[in-house]
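Visitor: I have a structure in front of me and some terms I do not trust yet. Can you take me through them, one value at a time?

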Amino acid sequence: MKILLILAGVAVPAAIAADARAETDVFRKCSACHSVAEPVNRVGPHLSGVVGRPAAAVEDYAGYSKAMKEAGAQGVVWDETTLSAYLAAPKTMIPKTRMAFSGLKSQQEIADVIAYLKANGSR
């Protein structure tokens, strides 16, 4: 399977500043399936330390799709650019991912979630 990693034109513009209150509000869309502050898996893997981590790298999470495992094997790393593309359209970037979420609709929401992950996801 080929992972579609189309990042041109999807990166969050540097001019978008994250809003601390909005970060928390936007992450609520993710929190039903993912935790950040603690490395506890839910329906999806925990996102503690996700920024800079390779795809499908949470060792104690058994629910990765074959597509996500292949993305990790192909060297996909969750940096800001890759997260921006994935959060905008998960199934476009990694077809056949198990993540049911269709994506965040605005670049501001994407910037806020990435800022939240960076601020709250360190171990």
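Guide: Gladly. Start with α2. Its buried residues are Ala 67, Met 68, Glu 70 and Ala 71. Keep in mind that this is a predicted model.

Visitor: How do you know that they are on the same side of α2?

Guide: Look at the arc around the axis. The buried residues cover only 160°, which puts them on the same side of α2. On the other side, Lys 66 and Ala 73 are exposed.

Visitor: What do the buried residues of α2 pack against?

Guide: They pack against α3. Just after α2 comes Gly 75, with a positive phi of about 95°.

Visitor: Which residues of α3 are buried?

Guide: Helix α3 covers residues 80-88, and its buried residues are Thr 82, Leu 83, Ser 84, Ala 85, Tyr 86 and Leu 87. They pack against α2 (66-73), α4 (90-93) and α5 (107-120).

Visitor: What makes Asp 79 a cap for α3?

Guide: Asp 79 sits at the N-terminal end of α3. One of its side-chain oxygens lies 3.2 Å from the backbone nitrogen of Thr 81. The cut-off for a polar contact is 3.5 Å, so 3.2 Å passes.

Visitor: Now salt bridges. How many does a search of the whole structure find?

Guide: The search finds 3.

Visitor: Why is the pair Glu 80 and Lys 118 called a salt bridge?

Guide: The closest N and O atoms of Glu 80 and Lys 118 are 2.5 Å apart. The limit is 4 Å, so the pair qualifies. Glu 80 lies in helix α3 and Lys 118 in helix α5, so the pair ties together parts that are 38 residues apart in sequence.

Visitor: Are those two residues buried, exposed or partly exposed?

Guide: Glu 80 has a relative accessible area of 40%, so it is partly exposed. Lys 118 has 44%, so it is partly exposed too. Partly exposed runs between 20% and 50%.

Visitor: What about Glu 109 and Lys 29? What makes them a salt bridge?

Guide: Their closest N and O atoms are 2.6 Å apart. That is within 4 Å, so the pair counts. Glu 109 lies in helix α5 and Lys 29 in helix α1, so this pair ties together parts that are 80 residues apart in sequence.

Visitor: Why is Glu 109 called buried?

Guide: Its relative accessible area is 17%. Buried means under 20%, so Glu 109 is buried. Its partner Lys 29 has 45% and is partly exposed.

Visitor: Where do Asp 25 and Arg 28 lie?

Guide: Both lie in helix α1 (residues 20-31), 3 residues apart, about one turn of the helix. They form a salt bridge, with the closest N and O atoms 2.7 Å apart. Arg 28 is exposed at 55%, while Asp 25 is partly exposed at 37%.

Visitor: How do you know that Cys 30 is in no disulfide?

Guide: The nearest cysteine sulfur is that of Cys 33, and it is 8.9 Å away. A disulfide needs sulfur atoms within 2.5 Å, so 8.9 Å is too far for a bond. By this rule the count comes to 0 disulfides. Cys 30 is buried at 12%, whereas Cys 33 is partly exposed at 32%.

Visitor: Why does Ser 65 count as buried?

Guide: Its relative accessibility is 4%. The cut-off is under 20%, so Ser 65 passes. Ser 65 has its place in the loop between α1 and α2. Leaving aside neighbours within four places in sequence, it is in contact with Lys 96, Thr 97 and Arg 98.

Visitor: What makes Lys 96 count as exposed?

Guide: Its relative accessibility is 66%. Exposed means over 50%, so Lys 96 is exposed. This residue lies in the loop between α4 and α5. It has a positive phi of about 70° although it is not a glycine.

Visitor: And what phi does Ala 56 have?

Guide: Ala 56 has a positive phi of about 60°, and it is not a glycine either. Ala 56 is in the loop between α1 and α2. At 25% relative accessibility, it counts as partly exposed.

How values were computed. Residues are numbered from 1 along each chain as its sequence is written. Side-chain values use heavy atoms; hydrogens and water are left out. Buried means under 20% relative accessible area, exposed over 50%, partly exposed in between (1.4 Å probe, protein chains only). Helices (H or I, at least four residues) and strands (E, at least two) are DSSP runs, numbered from the N terminus. Contact means heavy atoms within 4.5 Å. A polar contact is a pair of N or O atoms within 3.5 Å; within protein, one must be able to donate a hydrogen and the other to accept it, and residues adjacent in sequence count only if both atoms are side-chain atoms. A salt bridge is a side-chain nitrogen of Lys or Arg within 4 Å of a carboxyl oxygen of Asp or Glu. The arc is that of the directions from the helix axis to the C-beta atoms.
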